[in-house]
Amino acid sequence: MVRRPLVWVAAIVLFAEAIGIALLNWFLGVVADRQNMHVAGIDSDMMSRSSKIGGLVFGLYFLACAVSVLLVALRQRPPGLLGRVLLISAAVVHALLGAFTVGLVGWRAFTFMMVVFALIVFTLLAYDGRETGPVDAAPETGGTGDGEGDAAEEGSAGLGEGVAAGSVDLAKGADAKGAPEAQAVVTPPSASPAS
């Protein structure tokens, strides 16, 4: 089946993304520190530290999402409550990042974000707990398995007994909606006089 390999791919991509986002923010922090940059009066040391801390936080966040997807792939069961919350938030983050990266980075970054988004959503929906099992066999009584067919057979058997014992009159009645329907009226056999 195709779902297990795709869930493994989602786990690998999230692991790679966790490492990539942590390294990118660490690199940006080092660049800001060495360039001695000042933006709107913010010290370069503060920019460097915040970039590195943000990279570590986002790296750990994506790492937790990757571990959750990895557990889904190993157990072949849907994620728990915490894993589901992590994956839903990761899907929202990738959708928003995809919308922002179109104008800032380009269509390739947008395509990557949408592929990761699709993999996360697929992981959430692949194991939703509604597995379809084998169809139950028909009962051995010879019925069709549905209640209506069995009831119809019982009704026709009762009608046959009524015909054998007496006479059957078909009268037309009307149901609650006004549509005519046939009704069977069974007349008991006349009692023979005692001799």
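Trainee: Which residues do ring pairs link into a cluster?
Mentor: This is a predicted model, so take each value as computed from it. Ring pairs tie a small set of residues together here, and the cluster consists of Phe 58, Tyr 61 and Phe 62.

Trainee: How many aromatic pairs turn up in the whole structure, and what kind do Tyr 61 and Phe 62 form?
Mentor: Searching the whole structure gives three aromatic pairs. For Tyr 61 and Phe 62, the centres are 5.2 Å apart and the planes meet at 55 degrees. Planes under 30 degrees apart would be stacked and over 60 edge-to-face, so the Tyr 61 and Phe 62 pair is tilted.

Trainee: What about Trp 107 and Phe 110, what sort of pair do they make?
Mentor: Both sit in helix H4 (residues 107-126), three residues apart, or about one turn of the helix. Their ring centres are 5.4 Å apart, with 90 degrees between the planes. Anything over 60 degrees counts as edge-to-face, so that is the label for Trp 107 and Phe 110: edge-to-face.

Trainee: Which class of accessibility does Trp 107 fall in, buried or exposed?
Mentor: Its ring partner Phe 110 has a relative accessible area of 23%, which makes Phe 110 partly exposed. Trp 107 has 60%, and the exposed class begins over 50%. So Trp 107 is exposed.

Trainee: Back to the cluster: is Phe 62 buried or exposed?
Mentor: The relative accessible area of Phe 62 is 2%. The cut-off for buried is under 20%, so Phe 62 is buried.

Trainee: Which residue of helix H3 touches Phe 62?
Mentor: Look at His 94, which has its place in helix H3. At 0% relative accessibility, His 94 counts as buried. Not counting residues up to four places away in sequence, Phe 62 is on the contact list of this residue, along with Leu 14, Glu 17, Met 113, Met 114, Val 116, Phe 117 and Ile 120. The residue you want is His 94.

Trainee: How far is Phe 58 from Ile 19, C-alpha to C-alpha?
Mentor: Ile 19 belongs to helix H1 (residues 3-35) and, at 52% relative accessibility, counts as exposed. Along the sequence, Ile 19 and Phe 58 are 39 residues apart. In space, their C-alpha atoms are separated by 9.5 Å.

Trainee: And what separates the C-alpha atoms of Phe 122 and Val 7?
Mentor: Phe 122 is in helix H4 and is partly exposed at 29% relative accessibility. Leaving aside neighbours within four places in sequence, Phe 122 is in contact with Arg 3, Leu 6 and Val 7. Phe 122 and Val 7 are 115 residues apart along the chain, yet their C-alpha atoms are separated by 7.7 Å.

Trainee: Which backbone oxygen does the side chain of Thr 101 reach?
Mentor: Thr 101 lies in helix H3 and is buried, with a relative accessible area of 13%. Beyond four places in sequence, this threonine is in contact with Gly 106, Ala 109, Phe 110 and Met 113. The oxygen its side chain reaches, at 3.1 Å, belongs to Gly 98.

Trainee: What area does the nonpolar surface patch with Leu 97 have?
Mentor: Leu 97 is in helix H3 (residues 81-104) and counts as partly exposed at 33% relative accessibility. The other members of the patch are Ile 88, Val 92, Leu 96, Phe 100, Leu 104 and Val 105. Its area is about 720 Å².

Trainee: What phi does Gln 76 have?
Mentor: Gln 76 lies in the loop between helix H2 (44-75) and H3, and is partly exposed with a relative accessible area of 39%. Most residues other than glycine have a negative phi. Gln 76 is not a glycine, but its phi is positive, at about 55 degrees.

Trainee: To wrap up the overall fold, what pattern does the protein chain follow along the sequence?
Mentor: The secondary structure comes to five helices and two strands. Of contacts between residues at least 6 apart in sequence, 55% join residues at least 24 apart. Read along the sequence, the pattern is α-α-α-α-α-β-β.

Trainee: What share of the residues counts as buried?
Mentor: The accessible surface comes to about 13,500 Å², with 67% of that belonging to carbon and sulfur atoms. The chain has 195 residues, and the buried share is 25%.

Note on methods
Residues numbered from 1 in each chain as written. Predicted model: local features only at pLDDT ≥ 70, side-chain atom pairs only at ≥ 80, totals over all residues. Heavy atoms only, no water. Helix = DSSP H or I, 4+ residues; strand = E, 2+ residues; numbered from the N terminus. Buried < 20%, exposed > 50% of the residue type's maximum accessible area, 1.4 Å probe, protein only. Contact = heavy atoms within 4.5 Å. Areas by Shrake-Rupley, 256 points an atom, 1.4 Å probe, with all protein chains shown as cover. Patch = residues over 30% accessible without salt bridge, like charges linked within 9 Å, V, L, I, M, F, W, Y side chains within 5 Å. Salt bridge = Lys/Arg side-chain N within 4 Å of Asp/Glu carboxyl O. Polar contact = N/O pair within 3.5 Å; in protein donor to acceptor, adjacent residues only side chain to side chain. Phe/Tyr/Trp six-rings, centres within 6.5 Å; stacked < 30°, edge-to-face > 60°.
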